[in-house]
Structure formats: structure tokens, C-alpha cells
Amino acid sequence: MSRINKNVLLALLTLTSSAFLLFQLYYYKHYLSAKNGTGSSKSKGNRIGFDSTQWRAVKKFITLTSSQNAPVFLIDPWILELISKNLEQVKNASQGSASDCRFLCAPRDFTAFALQYHLWKSEDGWFRIAENMGFQCLKIESKDPRLDGIDSLSGTAIPLHYVCKLATHAIHLVVFHERSGNYLWHGHLRLKGHMDRKFVPFRKLQFGRYPGAFDRPELQQVTIDGLDVLIPKDPGHFLEEVPHSRFIECRYKEARAFLQQYLDDNTVDAMAFRKRAKELLQLAAKTLKELGVPFWLSSGTCLGWYRQCSIIPYSKDVDLGIFIQDYKPDIILAFQNAGLPLKHKFGKVEDSLELSFQGKDDVKLDIFFFYEETDHMWNGGTQAKTGKKFNVLPACIPAGQKRAPDLITDGCKLPCGCWKLNSGLLEEQPVLLTSEPSLQPPELWFLKRRFYYKTFM
């Protein structure tokens, strides 16, 4: 009997202890956690989410950049896409109000931020502070392409990318530099021989496979997953730029060699024309951007950029190309409202459309519309004096070529680079000389025109 009583007593004590432990857990979950602001309606999953490797890495990175007054903003396409879909909700969120981790807790290798280098005043010591916070950082530098046209300054190194790793997650800090066309540029991420190629999975990076250029974004501060970050005010526009952001640098060395062989025209008239042509380009770019019409440099204007990093002074016009599927009926009215009256309209939307607008001081803007076939592009041309029509085969734009969303005045986005033609590199093609009859015998120029143009009635 005594033994039975002891067993019963032991069971009662065990049951009482278990009940008391359950009560403590219940009290902590529903009272103490709520009072301290650490609880949530989905408590267990959210506590695990907010403790994810990515969230902790981003939080530490934001703490680091804030302490150093580093002008960074979020450019990660995956996260910006989520924010764009829930923009109003994100704008109305307050710090610490997040009940679940929606943006920064997915298992990913990288989170991408941009650094506005021209606004950064305290680069010194940044690496040391980052390492003291537990980051392992890699800095990628290269020569500044903006100085390539200046012999005494070419070769000066600038930072292009920082990759900072915390545990298994890395922050990719893309360095944006200011360019003279009032846009932001980042360089190609090229690892030098001594760098560890296994430091992070570099092939998964979303920026740095090639140089890129972006409109200068207006920024806004938002709170995501309890963290204050800066993002583009129009994340949708930034996301639209990403797939078309590839930047082709002007070939300064080749341009200098060309201008040594064929002296540049630096007369007062030539300088005045270049100035007016650039102003016309800026006005055309602004007008087409407002219409949402992508375009690229074409014909002689593209040739001038590619061959001599400038505008050909005796071309007397500015040439742009647009895919016909991007044509909008109000394009003529938009240019007229911008102060550029229509001078000529050749062809029709269905076939060989070409528009010419009159700029100031007899500088003309020609817009050629390009048509896509199965394996090539073409555009129509009409000789203004005779009315003869030409079917131009611009083989430098292959079918499926990525579009160019905007004009860059001292560089270029695809496809205006026109790197290849049907039978070889651009510099090997006869078309290079069709805008330069003064540099070759007239008979040769005529033959080359026949090679490149196909006349039809």
C-alpha cells in the first residue's frame, strides 16, 4: 500500500510540473512576448524567418552603411519585383511593424545594393569596419573609362564592385558612377588572377556580367521586414531598365588612331554643328522617353560614335532607329509640340516608314523604322529628291536583338554598337565608308553603295 501511494504521488508531482511548465510557455508566448514586441500572430515561423541568414546579413549591412553614411539603395531585382507588386502596402508600413518576413528571408545567395560613388565621402576604413562586423569582403577595381580619352589620366583605377559575405549569404554592392550624360554607370565585374573564384558563386550575380547604364533614379525610404532601406521611387521603371542596360563604351584608342589619320574638323562651323546635333539628340531622347518608345543611334550618327567617339561634322543630320512595333500614332504630334516640325514622311506604317523632323539651324532629325523578318531586320529608305525607294539591310541588328531603351551621349546601349555585320566585324565592312565619300574614290564608293543597298520599285 505504501509503495502504491509513492507511485501515485510521483505521478501527481510529474503531472503538476508538466502543467506548470505548459503554463509558463503559454504566459511567455501570449503576454511577455507581446509586451516586448517580439511576438507575432504566426510566432514560430516568423521568429525563424527573422533570424534567417539573409535577413541578418542585410540588417548588419544596413547598420554598416548607415554608420558610414554610405549612399546605398536596394537594386535587387527579385526583391524589387515583390515590392513593386505591394508598393502601397510597403509605403504604409512602419518600422518594426512587420508581422512576417516577406522580402528578405528567402534562401538566396545574394542581395544586391547600389552605391552612389560620387556621393560617398568616407571610403577610408570601410573594409576594416566591415570585417570587424563579421563580413569577408572582396573589392573589384578597374581603370576609369571616363579618362580613357585623356592620355595623362588613363589607367586610373576606380572601385566597381564590392562583394561582402556573412556566413552563407553575400551582399553584392554595385558601384554606380556619374557620367556626363546625367546617368549612372557601373562596370564589368572581372576577377583578377589572384582572386578566389570560389569566394561566392559569381555566376549567379545579377549585375556585373557586362557594364550597365541606368537613368538616375529618384529614391524613397521604405520599411521592409522591419528594416529601413532606400529603393527607386519607381521600382517598375528600374526593373524595366535592367534587361536593356548593357553599355558599350566608346572606343577611345581607335578613335584617336582614326583622327590621327583623318584630321578632325575643329572649325567654328563644325563645333557649332556638333553642339546643335547633341541638343537635338537630347530633345529627341526626352520626347521619345515621354512616349515610352525605345530607340537607338543609327546610320551616320552610330558610325560617328563608333568610329570617332563624336558626331560626324559634315553629316548635317541626326539618325535614330526604332522598331516598327514600337511606333505610336502620336509620335509626329509629340515632336511638333517639342518644336520639331515634320519635314518629310516617307512610306507607311506597314512598309518602309521614315520620318524627318526639322531642327534648329537646318539640323535634321531622321527616324528610321525597322522591320523584323525571320532571320534579319530591314528598314526602308526614300531619296528625298528623286523619290526612289531603297530596302536597306542593316545586318548589324540581328533578329531578336535586345532593344535599347534610351540614348547615352558619350556611350551607347545595344543595339547601336552594331558590332557585327553579315560577313565580319564592323570595321571590315564596306558600309563604314558609305558615309565617307570624301575619303575614297567615287567609283569605289558607288560600288560599295550598290553592295549595301537594294533598290526596288
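Strands here are DSSP runs of E at least two residues long, numbered from the N terminus, and two of them count as paired if DSSP finds at least two bridges between them. In this predicted model, strand 8 (residues 219–224) and strand 9 (residues 227–232) clear that bar, running antiparallel with six bridges. Two residues separate the strands, giving a hairpin, and Asp 225 in the turn takes up a positive phi of about 50°. Just to place one rung of this ladder, Thr 223 has Asp 228 of strand 9 as its bridge partner.

Strand 8 also leads into the nonpolar interior. The largest nonpolar core has 48 residues, and those touching the most other members are Ile 75, Ile 83, Trp 126 and Ile 224. The top contributor to this core is helix 3 (residues 53–67), which supplies six residues. Looking around Trp 126, and leaving aside residues up to four places away in sequence, its contacts turn out to be Phe 61, Leu 64, Gln 68, Trp 120, Cys 137, Tyr 162, Cys 164 and Leu 173. A second core, separate from this one, holds 37 residues, among them Ala 277, Cys 302, Trp 305 and Leu 365. As a general backdrop, nonpolar side chains in soluble globular proteins tend to be buried together.

Aromatic rings turn up a lot too, with 19 pairs counted. Take Trp 296 and Phe 370: their ring centres are 5.1 Å apart and their planes meet at 55°, which falls between the 30 and 60 degree limits, so the pair is tilted. Trp 296 belongs to strand 11 (residues 296–297) and Phe 370 to strand 15 (residues 364–372), so this pair ties together parts that are 74 residues apart in sequence. Both Trp 296 and Phe 370 are buried. Trp 305 and Tyr 306 make another tilted pair, with centres 6.1 Å apart and planes at 55°; both of these residues are buried as well. Elsewhere, Phe 73, Phe 176, Phe 207, Phe 214 and Phe 238 come together as one aromatic cluster.

Some rings have a charge for company. Arg 179 places its charged end over the ring of Trp 185, 5.3 Å from the centre. Lys 316, in turn, lies over the face of Phe 273, with 5.4 Å to the ring centre.

As for annotation, an unreviewed UniProt entry assigns residues 289–328 the feature "domain: LicD/FKTN/FKRP nucleotidyltransferase". In the model, this span is 32% helix and 22% strand, and its end C-alpha atoms lie 12 Å apart.

How values were computed. Residues are numbered from 1 along each chain as its sequence is written. This is a predicted model: local features need pLDDT of at least 70, side-chain atom pairs count only at pLDDT 80 or more; totals for chains, interfaces and linings use all residues. Side-chain values use heavy atoms; hydrogens and water are left out. Rings of Phe, Tyr and Trp (its six-membered ring) pair if their centres lie within 6.5 Å; planes under 30 degrees apart count as stacked, over 60 as edge-to-face and the rest as tilted. Helices (H or I, at least four residues) and strands (E, at least two) are DSSP runs, numbered from the N terminus. Buried means under 20% relative accessible area, exposed over 50%, partly exposed in between (1.4 Å probe, protein chains only). A charge sits over a ring if NZ of Lys or CZ of Arg is within 6 Å of the ring centre and within 35 degrees of the ring normal. UniProt positions are given in the numbering used here, feature names are shortened, and annotations may be inferred rather than shown by experiment. A nonpolar core is a set of buried Ala, Val, Leu, Ile, Met, Phe, Trp, Tyr and Cys residues joined through side-chain atoms within 4.5 Å. Contact means heavy atoms within 4.5 Å.
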